[in-house]
Amino acid sequence: MADTDGPVATHFTLPPRATTLVTLAVVFLGCALRLVWAMHGHLSPTGGESDAIARALAEGRGFADAFGPGSGPTAHLMPLTPLPTAAA
């Protein structure tokens, strides 16, 4: 006969402060890994429009040259897309 009064499975939950700290740690780790990836040369000169805009931003030419050097200002991508890459 089955034992119906046995232990009941419970869900493990973190306190709200710990959940916030874990979330912030994961976000920070993701940003740090992205910057390390970019700084170690994983951005190719022909890496696409986002990389071309990031390169222009890093070189002080503004939000420009999405389709190659000299192609001028662009609104091809959202403004926040190339900023993390340009910061690296």
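Analyst: Accessible areas here come from the Shrake-Rupley method with a 1.4 Å probe. By that method, in this predicted model, the chain exposes about 6900 Å², and carbon and sulfur atoms supply 69% of it.

User: Why is aspartate 65 called buried or exposed, whichever applies?

Analyst: Aspartate 65 has a relative accessible area of 9%. Buried means under 20%, so aspartate 65 is classed as buried. Across the chain, 17% of the 88 residues count as buried.

User: What makes the pairing of aspartate 65 with arginine 61 a salt bridge?

Analyst: The closest N and O atoms of aspartate 65 and arginine 61 are 2.1 Å apart. The cut-off is 4 Å between a side-chain nitrogen of Lys or Arg and a carboxyl oxygen of Asp or Glu. The pair therefore qualifies as a salt bridge. Side chains of opposite charge can pair when their charged atoms come close.

User: What places arginine 61 in its accessibility class?

Analyst: Arginine 61 has a relative accessible area of 38%. Partly exposed covers the range between the buried limit of 20% and the exposed limit of 50%, so arginine 61 is partly exposed.

User: Which further residue forms a salt bridge with arginine 61, and what is its accessibility class?

Analyst: Glutamate 59 forms a salt bridge with arginine 61, with closest N and O atoms 2.6 Å apart, which is within the 4 Å cut-off. Glutamate 59 has 51% relative accessibility; exposed means over 50%, so glutamate 59 counts as exposed. Shared partners join Glu59, Arg61 and Asp65 into one network of salt bridges. The search of the whole structure finds two salt bridges.

User: What secondary structure does the chain have?

Analyst: The chain has three helices and zero strands, and its elements run α-α-α from the N terminus on. Of the contacts between residues at least 6 apart in sequence, 36% join residues at least 24 apart.

User: Which residues make the nonpolar surface patch, and why does valine 26 count as exposed?

Analyst: Phe12, Leu14, Val22 and Val26 make a nonpolar surface patch of about 430 Å². Valine 26 lies in helix α1, residues 16-39. Its relative accessibility is 56%. Exposed means over 50%, so valine 26 counts as exposed. Patch residues need over 30% relative accessible area, so valine 26 also passes that limit.

Notes:
Residues numbered from 1 in each chain as written. Predicted model: local features only at pLDDT ≥ 70, side-chain atom pairs only at ≥ 80, totals over all residues. Heavy atoms only, no water. Buried < 20%, exposed > 50% of the residue type's maximum accessible area, 1.4 Å probe, protein only. Helix = DSSP H or I, 4+ residues; strand = E, 2+ residues; numbered from the N terminus. Contact = heavy atoms within 4.5 Å. Patch = residues over 30% accessible without salt bridge, like charges linked within 9 Å, V, L, I, M, F, W, Y side chains within 5 Å.
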